[in-house]
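User: I am a first-year student, and I would like a close look at the salt bridges in this structure. Could you take me through them slowly, beginning with one pair and then moving outward?

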Amino acid sequence: MFLRRLAVIVPRSTRFFSSKDSLDLASTIAELNKEMESVFGEPPPDGLANSGNRSCENTPGLTHVGSTGKAQMVDVSPKETSSRTAIASCKVVLGKKVFDLVLANQMAKGDVLTVAKIAGINGAKHTSTLIPLCHNITLAHVRVDLRLDPEDFSVEIEGEAASTGKTGVEMEAMTAVSIAGLTVYDMCKAASKDIQVTDIRLERKTGGKTGYWCREE
């Protein structure tokens with residue numbers, strides 16, 4: 001029932017994303033809050049319930065979306081400068097045939113792990129070019145490590161980025177492992193098209209307003 005009501009409410013207010021009139025946004029959210037309370041027996045969390053009368057700076061959510069629903073680059077000038085780090089990881093599943101070739105360093109293009117390591121470091125430095133709304137920051141350190149795992153014939157990749165500034169380095173760490181993983185694929189694709197780049201994810205980060213965060217296994 002809630003989903004049917006939601007389908008009726010949202011189309012009726014297309015200005016939810018595009019109107020400059022915050023009153024329309026607030027009334028639409030209030031109506032949705034009532035529907036949620038009638039279905040679940042309690043009002044929604046404060047983040048949704050108060051989103052109609054709080055500024056974008058104080059509301060948890062999509063900071064890269066402005067009040068008119070258009071993409072925007074976040075203004076980080078009010079933030080405090082702090083030391084920031086991030087660690088990300090990903091896996092490249094090679095299969096036994098390709099794994100053995102990489103292990104023996106017999107791929108036609110050369111040393112797979114070394115080339116992928118350099119590519120990952122270079123990728124981290126170009127994050128703001130690849131991802132348009134990322135800030136162009138000064139990196140103090142980038143680390144990319146690759147390890148062959150004979151258990152599942154894969155390459156385990158871990159990347160770390162560090163900086164002192166007003167915005168985090170999570171995207172730099174994740175870009176590093178992504179580019180490293182894609183480079184492994186490129187170096188090995190002549191031997192197999194079944195290679196998979198998987199599990200790209202943030203493992204932990206430090207610094208900034210939210211401080212320390214670590215993925216729970």
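Analyst: In this predicted model, a good place to begin is the pair Arg201 and Glu203, whose side chains meet in a salt bridge with 2.8 Å from N to O. The two partners fall into separate classes of accessibility: Glu203 is buried, because its relative accessible area of 15% is under the 20% limit, while Arg201 counts as partly exposed at 29%. Elsewhere, salt bridges that share partners join Lys117, Arg143, Asp145, Glu158 and Glu160 into one network. In total, the structure holds 10 salt bridges.

Another pair to look at is Lys109 and Asp186, which form a salt bridge with their closest N and O atoms 3.1 Å apart. This pair links distant parts of the chain, since Lys109 lies in the loop between H5 and H6, Asp186 lies in helix H8, and 77 residues separate them. Both are partly exposed, Lys109 at 48% relative accessibility and Asp186 with a relative accessible area of 32%. Asp186 also forms a salt bridge with Lys189, where the closest N and O atoms are 2.6 Å apart, and Lys189 is itself partly exposed at 29%.

Helix H8, where Asp186 is found, also leads us to the nonpolar side of the structure. The largest nonpolar core has 29 residues, and those with the most contacts inside it are Leu94, Val102, Val155, Ile157, Val184 and Cys188. The elements that give two or more residues to this core include strand S1 (82-93), strand S3 (154-165) and helix H8 (170-188), and the largest share, 7 residues, comes from H8. In soluble globular proteins, nonpolar side chains tend to be buried together.

Ile157 shows how one core residue is surrounded. Leaving aside its neighbours within four places in sequence, Ile157 is in contact with Ala88, Ser89, Cys90, Val92, Val144, Asp145, Leu146, Val177, Ala180 and Gly181. One of these contacts, Asp145, brings us back to the salt bridges, as Asp145 belongs to the network that also holds Lys117, Arg143, Glu158 and Glu160.

Finally, two residues deserve a look for their backbone angles. Asp199, which is found in strand S4 (residues 196-206), has a phi near 55°, a positive value in a residue other than glycine, and at 52% relative accessibility Asp199 counts as exposed. Phe153, placed in the loop between S2 and S3, likewise has a positive phi of about 55° although it is not a glycine, but Phe153 counts as partly exposed, at 28% relative accessibility.

Methods
Residues numbered from 1 in each chain as written. Predicted model: local features only at pLDDT ≥ 70, side-chain atom pairs only at ≥ 80, totals over all residues. Heavy atoms only, no water. Core = buried A, V, L, I, M, F, W, Y, C linked by side-chain atoms within 4.5 Å. Buried < 20%, exposed > 50% of the residue type's maximum accessible area, 1.4 Å probe, protein only. Helix = DSSP H or I, 4+ residues; strand = E, 2+ residues; numbered from the N terminus. Contact = heavy atoms within 4.5 Å. Salt bridge = Lys/Arg side-chain N within 4 Å of Asp/Glu carboxyl O.
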